[in-house]
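Student: Please take a close look at a single part of this structure, and then connect it to related features elsewhere. I would like the cut-off behind each term as it comes up.

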Amino acid sequence: KIKSREQAMEHVQAPLGVNGPHFDKLSENDRRLKPGTMRMRMNEVFFEAMNARPECVYLGEDVRHGGYYLVTEKLYEAFPDRVHDFPPDETMLFGVGMGYAHNGLLPIVEMPYAKYLDCGADMFFESIITNWCTNGKQPNGMLIRLQGFDKGVFGGNYHTHNTLYLPPGLDVVCYSNGSDYVRGMRYALMQADAGRVVMSVDSTDLLNRRDLFVEEKDGLWMRPFPDPVETSPLTFDHVMLYPDADNPSSCEEHFEKTTNDSSSSHSHLDALVISYGNGVPTALKAMVKMKRSHRIGIIDCPNLSSLPNGLKGVLKKHKSVPIVFADVCKEGASPLTSLIGKLNTNKLLSPKWRIVSASPTYNPLGCTATFLHADDIISAVEDLL
């Protein structure tokens, strides 16, 4: 019988996993080492996962022909017994995913559009609470791919939904580029294999992005496939700091509670912007536009469900630096509001901060006016400084 808050917290999630499958080093001529789009990297990491994990199965709606965004292109041809299509019934998808997990498989459940999560909400929440309800005896490890999220012009609000649910027991990540996605997905699947429910939120606008500044065709958002032997997984504690407006694609990794003062060559910053997913290139555009007047650092914080140790380390180093939280979700339903509370509890919240987010309305067809823009971030930074 539960009699304390501590007891109630014990089995919210299965413990973090520490072991993953064996990977071989990529050959020097491997085509994946050439820079590519995020969609290419996503497709390749799911091929890698299916090859390395014979218990891994992929299920969704129309995923056998490549899915709505071609993330699963040719996956069915390579693994015909482990890529499964289901009718457009999201409740069924989560129920089948739970059944697969209970029988020793590792399911990847694709939600075709973020708004469709509403349709399967009951089983979605049921899959998350199972570990707690069984006192940790029946973990329900699965990886949920939530796509059709954030900025876009196709389909209006139903295909560009930008509200997220963060119930206890769910790990939520949202990556900003292809290389981080690959390293993060390796870790996410490791955690799902350990019995945790992990949801990867995939920003539509990033899938085929090649450039940071499209008009310049700079190719800055094309990334190579990270060698699984030479690169470590991107854990839930990792954040990436982009400190240099003159080299906006270069970043520093941080994953520890403390940061060595010599670990960064950019010790002084006028302000920090914390974001995730499509908010990162949006913030980088703002950083470049402001470089003549202010030195701004951009923190990419892909973990949306807990406070990363890496973020603690960066903020301890940059104490009292004004912070703008740039959230791509709608105002009033944004994950970074929860992060602000956690930072305040840990006495890491700067006395000067602002939050900007997408408009508290619905996204019209063929228009991007309601989404987060670089000018929103610039206005917030200038207001603080």
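Tutor: Asn-135 lies in the loop between helix H5 (121-133) and strand S4 (142-149), where helices (H or I, at least four residues) and strands (E, at least two) are DSSP runs, numbered from the N terminus. The model is predicted, so that local features need pLDDT of at least 70 and side-chain atom pairs count only at pLDDT 80 or more, whereas totals for chains, interfaces and linings use all residues. Residues are numbered from 1 along each chain as its sequence is written, and side-chain values use heavy atoms, with hydrogens and water left out.

The backbone at Asn-135 deserves attention, since its phi is near 60 degrees, a positive value in a residue other than glycine. Most residues other than glycine have a negative phi. With a relative accessible area of 46%, Asn-135 is partly exposed, a class that falls between buried (under 20% relative accessible area) and exposed (over 50%), with a 1.4 Å probe and protein chains only. Lys-74, likewise not a glycine, has a positive phi of about 65 degrees; this lysine sits in the loop between strand S1 (56-60) and helix H3 (75-78), and its 55% relative accessibility makes it exposed. A further positive phi, of about 60 degrees, is found at Lys-347, just after helix H9.

Turning back to helix H5, Ile-129 is one of its residues and counts as partly exposed at 34% relative accessibility. Together with Ile-2 and Trp-132, Ile-129 makes a nonpolar surface patch of about 270 Å². Accessible areas come from the Shrake-Rupley method with a 1.4 Å probe, and for residues only the protein chains shown count as cover. Patches are made of residues with over 30% relative accessible area and no salt bridge (a side-chain nitrogen of Lys or Arg within 4 Å of a carboxyl oxygen of Asp or Glu); like charges are joined within 9 Å, and nonpolar side chains (Val, Leu, Ile, Met, Phe, Trp, Tyr) within 5 Å.

Helix H9 (residues 335-345), which precedes Lys-347, offers a view of buried side chains: Pro-335, Leu-336, Leu-339, Ile-340 and Leu-343 are buried. They lie on the same side of H9, because they cover an arc of only 145 degrees around the axis, the arc being that of the directions from the helix axis to the C-beta atoms. Asn-344 and Thr-345 are exposed on the other side of H9. The buried residues pack against strand S9 (271-275), helix H8 (309-317), strand S11 (323-330) and strand S12 (353-358), with contact meaning heavy atoms within 4.5 Å.

Strand S12 also holds Arg-354, while Asp-383 lies in helix H10 (residues 374-384), 29 residues apart. These two form a salt bridge whose closest N and O atoms are 2.8 Å apart, and both partners are partly exposed, Asp-383 with a relative accessible area of 48% and Arg-354 at 36%. Salt bridges that share partners also join Lys-25, Asp-227 and Glu-230 into one network; within it, the side chains of Glu-230 and Lys-25 meet at 2.2 Å, N to O. A search of the whole structure finds 17 salt bridges but zero disulfides (a pair of cysteine sulfur atoms within 2.5 Å). The sulfur of Cys-301, for instance, is 11 Å from the closest cysteine sulfur, in Cys-174, and therefore too far for a bond.
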